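Visitor: I am new to this structure. Please take me through it step by step.

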Amino acid sequence: MANKHTIILMQTSQNKATRTFMDYGSISQAMDGICGLYERKLRELNPAIRNMSYDIGDLYNFIDGLADMSALVYDHSIQAYLPYDRQWIKQRTLRHLQKLAH
């Protein structure tokens, strides 16, 4: 799954004007991007705290709290993007963070 262009589609609130996307060169980079998005939100909400930590449940709550989030991952064998849902994103972020921890 390395080096598969990945587009994260998201909508932060019920307002359709909050729809946006982020694109990455790989699934791993996309998972880093999602973690970074959450970490920026944490810093925004807690500007006085220098060193923050969170667990996977906190990250899942953030992802679930978005109005919508999905991924499109390019599959070279069919030359098309395959769609993945929020649950897949949560599973991939967990696997990604587990790899980083070891």
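Visitor: How many helices and strands does the chain have?

Guide: This is a predicted model. From the N terminus on, its elements run β-β-α-α-β-β-α. The secondary structure therefore comes, with helices and strands as DSSP runs, to 3 helices and 4 strands.

Visitor: In what order do the strands lie in the sheet?

Guide: Strands of a sheet pair through backbone hydrogen bonds, either parallel or antiparallel. Here the sheet is open and the pairing is antiparallel. Its edge strands, each pairing on one side only, are strand 2 (19-24) and strand 4 (80-84). The twist averages 20° from one strand to the next, and the order is 2-1-3-4.

Visitor: Which residue is the bridge partner of glutamine 11 in strand 3?

Guide: Glutamine 11 falls in strand 1, residues 6-11, which pairs with strand 3, residues 68-75, over 6 bridges. The two strands pair in the antiparallel sense. In strand 3, the partner of glutamine 11 is aspartate 68.

Visitor: What angle does helix 3 make with strand 3?

Guide: Helix 1 (residues 27-45) packs on the sheet, touching strand 1, strand 2 and strand 3. The direction of helix 1 makes about 30° with that of strand 1. Helix 3 (residues 86-101) also packs on the sheet, touching strand 3 and strand 4. The direction of helix 3 makes an angle with that of strand 3 of about 75°.

Visitor: Which element gives the largest share of the largest nonpolar core?

Guide: This core has 21 residues, of which Ile8 and Met69 touch the most other members. Two or more residues each come from strand 1, strand 2, helix 1, helix 2 (56-65), strand 3 and helix 3. The largest share is 8 residues, and it comes from helix 1.

Visitor: Which methionines are in contact with isoleucine 8, leaving aside its neighbours within four places in sequence?

Guide: Contact here means heavy atoms within 4.5 Å. The partners of isoleucine 8 include Thr20, Phe21, Ala30 and Ile34. The methionines in that list are Met22, Met31 and Met69.

Visitor: What is the radius of gyration of the chain?

Guide: Along its principal axes the C-alpha trace spans about 50 × 40 × 20 Å. With 102 residues, a compact globule would have a radius of gyration near 13 Å. The value for the chain agrees with that: 14 Å.

Visitor: What percentage of the residues is buried?

Guide: The accessible surface of the chain comes to about 6,600 Å², with 51% of it belonging to carbon and sulfur atoms. Buried means under 20% relative accessible area. Of the 102 residues in the chain, the buried ones make up 36%.

How values were computed
Residues are numbered from 1 along each chain as its sequence is written. This is a predicted model: local features need pLDDT of at least 70, side-chain atom pairs count only at pLDDT 80 or more; totals for chains, interfaces and linings use all residues. Side-chain values use heavy atoms; hydrogens and water are left out. Two strands pair if DSSP finds at least two bridges between them. Axes are lines fitted to C-alpha atoms, for helices over the stretch in contact, and angles run from 0 to 180 degrees between N-to-C directions. A nonpolar core is a set of buried Ala, Val, Leu, Ile, Met, Phe, Trp, Tyr and Cys residues joined through side-chain atoms within 4.5 Å. Buried means under 20% relative accessible area, exposed over 50%, partly exposed in between (1.4 Å probe, protein chains only). The radius of gyration is taken over C-alpha atoms; the globule rule is 2.2 Å times the number of residues to the power 0.38. Accessible areas come from the Shrake-Rupley method with a 1.4 Å probe; for residues, only the protein chains shown count as cover.
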